[in-house]
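Let's take a walk through this structure together, one region at a time. Keep the 3D view open and follow along as we go.

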Amino acid sequence: MGCCNKLCGLKVGIGAGIAVAILGIILIPVGNNIIRETVTKESVIEPGTTAWENWVSADAPVYRQFWLFDVQNPLDVVENGSKPKLVEKGPYTYKTRYLPKENITANPETYTISFLLPAGAIFEPSMSVGSEEDSVTSLNLAVAVRHSPLSHVTISLNNVSLFQRRTVREILWGYKDPILKGTLGLFFPYNGTYDGPYSVFTGKDDISKVSIIDSWKVSFWNNTYCDMINGTDGSSFSPFLDKKKPLYFFSPDISRSVSAEYERSLNLKGIEVYRFKLPPLTLASPAVNPDNQCFCTDSVVTKNCTLAGVLDISSSRGQPVYISLPHFLHGSPYLVEDVEGLGPSEEHHVTFLDVEPTTGFSLRFAKRLQVNMMYGPSKIITVLKKVKDYTILPIVWLNETASLDDETADRFKKELLSRVDMLETVQYTLIGLGSAAFVLCTVAHCLISRNNNKLV
């Protein structure tokens, strides 16, 4: 009778083990659905969600680091047509994007929200190699903007130098030019200005569209394809990323959309992130990447659209500005060969995004761009008479970067990842306990049954 009770108990144990294991298995899709619903709800851009708090104002501080190129042989370039010898000076660091979005207006009928992005820059001495008053020998911006008939004549009559000595502050943010009687600067005007208006999808009706830009300003390329705005602003993407698919984002600094491709997975303060990087095809010549044909707007600068690595954004800036990756990374070889002192590096000069795959939030990024201007031979302007060929000269390169701090990382792990981990722990614990109970009870049942048979 005792053996029968033991066998019955073991049978109950086997059944219970199976039931517990099945419960753990059932919880996997149920738990995944709970996670998906929670993340989807918190990713919508509307008051009260996690996404809203990070969207209105950047949670992590954003910095722009500038490295200016100091021309070492200005007289040799002018008098003998020599290659410019460059020395990189920097970083000079500014805190940016610290102001919250303004004029935020919800458009429920289209599930979009519009806003203006205020611009501001605060110098950070502790993160810089020197002060804003440090001097650099750089291309005279008045010569670079000589394309207008007025400036062409004015420069010729005033015997303006090809290069000039200016402070970091003046080159970046502007100075009164004595010849052209106007303010010149690579980023003038900046403080007190606004980027936008933007309109982005909230994701309320379709979470796959969250943060995607619906509209921005006006077109610059006069081409339907090149004027398309694809993707988000890069600060976030739709949740549940598929690393096999590229991420699309729009960059107002270059007035165009670009894509980034998955490179590898990383651990960022205990959080798994996917690193996406700009591929070499981004600024490839139209001969290599036909999609870039409509970005080729100047046959002289691009050598009949065969030049790789440079984007002419003059139409959007109102002055001749050419954007590239720092040190002409992924550019045509002769861009580097035309000057001395450059050393392109994938590690230091490529743009990347580290995105948390479940939420789609960018937890760390580095947007790296180089601002260039061009000078070339002229029979009229004295300082250009001995220049042998058109040269795209690097003026400054920047690294706009941000990364979540320890406090934000801990909060992120507590609010999201801890829930996911707890649910997975419960799931696998149930499966483990159920499986163990099933195996142990089955073995014990077999042993007792065997002993009973021997006694009979």
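A residue counts as buried when its relative accessible area is under 20%. That cut-off helps with our starting point, Gln 65: its relative accessible area is 18%, so this residue falls on the buried side. Keep in mind that what you're looking at is a predicted model. Gln 65 sits in strand S1, which covers residues 62-71. Setting aside residues up to four places away in sequence, Gln 65 touches Pro 91, Tyr 92 and Thr 93, and also Trp 397, Leu 398, Asn 399 and Thr 401.

Now for the nonpolar interior. In soluble globular proteins, nonpolar side chains tend to be buried together. Here, the largest nonpolar core has 81 residues. Those with the most contacts inside this core are Phe 66, Tyr 94, Leu 139, Leu 162, Leu 186 and Phe 187. Which strand gives the core its largest share? That's strand S19, residues 391-403, with seven residues.

Pick out Leu 139 and look around it. Leaving aside neighbours within four places in sequence, Leu 139 is in contact with Ala 144, Leu 162, Phe 163 and Gln 164, with Met 373, Met 374 and Tyr 375, and with Leu 393 and Ile 395. Another core lies apart from the big one: this one has 15 residues, including Ile 45, Trp 52, Phe 115 and Ile 213.

Back to strand S19, where you'll find Thr 391. Thr 391 has 9% relative accessibility, so it counts as buried. Beyond residues up to four places away in sequence, Thr 391 touches Asp 338 and Val 339 as well as Met 373, Met 374 and Tyr 375.

Next, find the open sheet made of four strands, in the order S3-S4-S10-S11, with antiparallel pairing. Its edges are S3 (102-107) and S11, each of which pairs on one side only. On average, neighbouring strands of this sheet are turned by 20° against each other, direction ignored. S4 and S10 pair in the antiparallel sense over six bridges, and Ser 114 stands opposite Ser 199 in S10.

Just past S4 (112-118), in the loop that leads to strand S5 (121-123), is Ala 119. Is Ala 119 buried or exposed? With 15% relative accessibility, Ala 119 counts as buried. Apart from residues up to four places away in sequence, Ala 119 touches Leu 99, Tyr 190, Asn 191, Gly 192 and Thr 193. The C-alpha atom of Ala 119 is also 5.6 Å from that of Tyr 194, although the two residues are 75 apart along the chain.

Finally, the aromatic rings. The model has 18 aromatic pairs. One of them, Tyr 198 with Trp 216, is tilted, with 6.2 Å from centre to centre and 40° between the planes. Tyr 198 lies in strand S10 (residues 194-201) and Trp 216 in strand S11 (residues 213-216), so the pair ties together parts that are 18 residues apart in sequence. Both Tyr 198 and Trp 216 are buried. They also belong to a cluster linked by ring pairs, along with Trp 52, Trp 55, Phe 115, Phe 220 and Phe 250.

Rings have charged company too. The charged end of Arg 166 sits over the ring of Tyr 175, 3.9 Å from its centre. Arg 256, meanwhile, lies over the face of Phe 295, at 4.1 Å from the ring centre.

Notes. Residues numbered from 1 in each chain as written. Predicted model: local features only at pLDDT ≥ 70, side-chain atom pairs only at ≥ 80, totals over all residues. Heavy atoms only, no water. Helix = DSSP H or I, 4+ residues; strand = E, 2+ residues; numbered from the N terminus. Buried < 20%, exposed > 50% of the residue type's maximum accessible area, 1.4 Å probe, protein only. Contact = heavy atoms within 4.5 Å. Phe/Tyr/Trp six-rings, centres within 6.5 Å; stacked < 30°, edge-to-face > 60°. Lys NZ or Arg CZ within 6 Å of the ring centre and 35° of its normal. Core = buried A, V, L, I, M, F, W, Y, C linked by side-chain atoms within 4.5 Å. Pairing = 2+ DSSP bridges. Axes fitted to C-alpha atoms, helices over the stretch in contact; angles between N-to-C directions.
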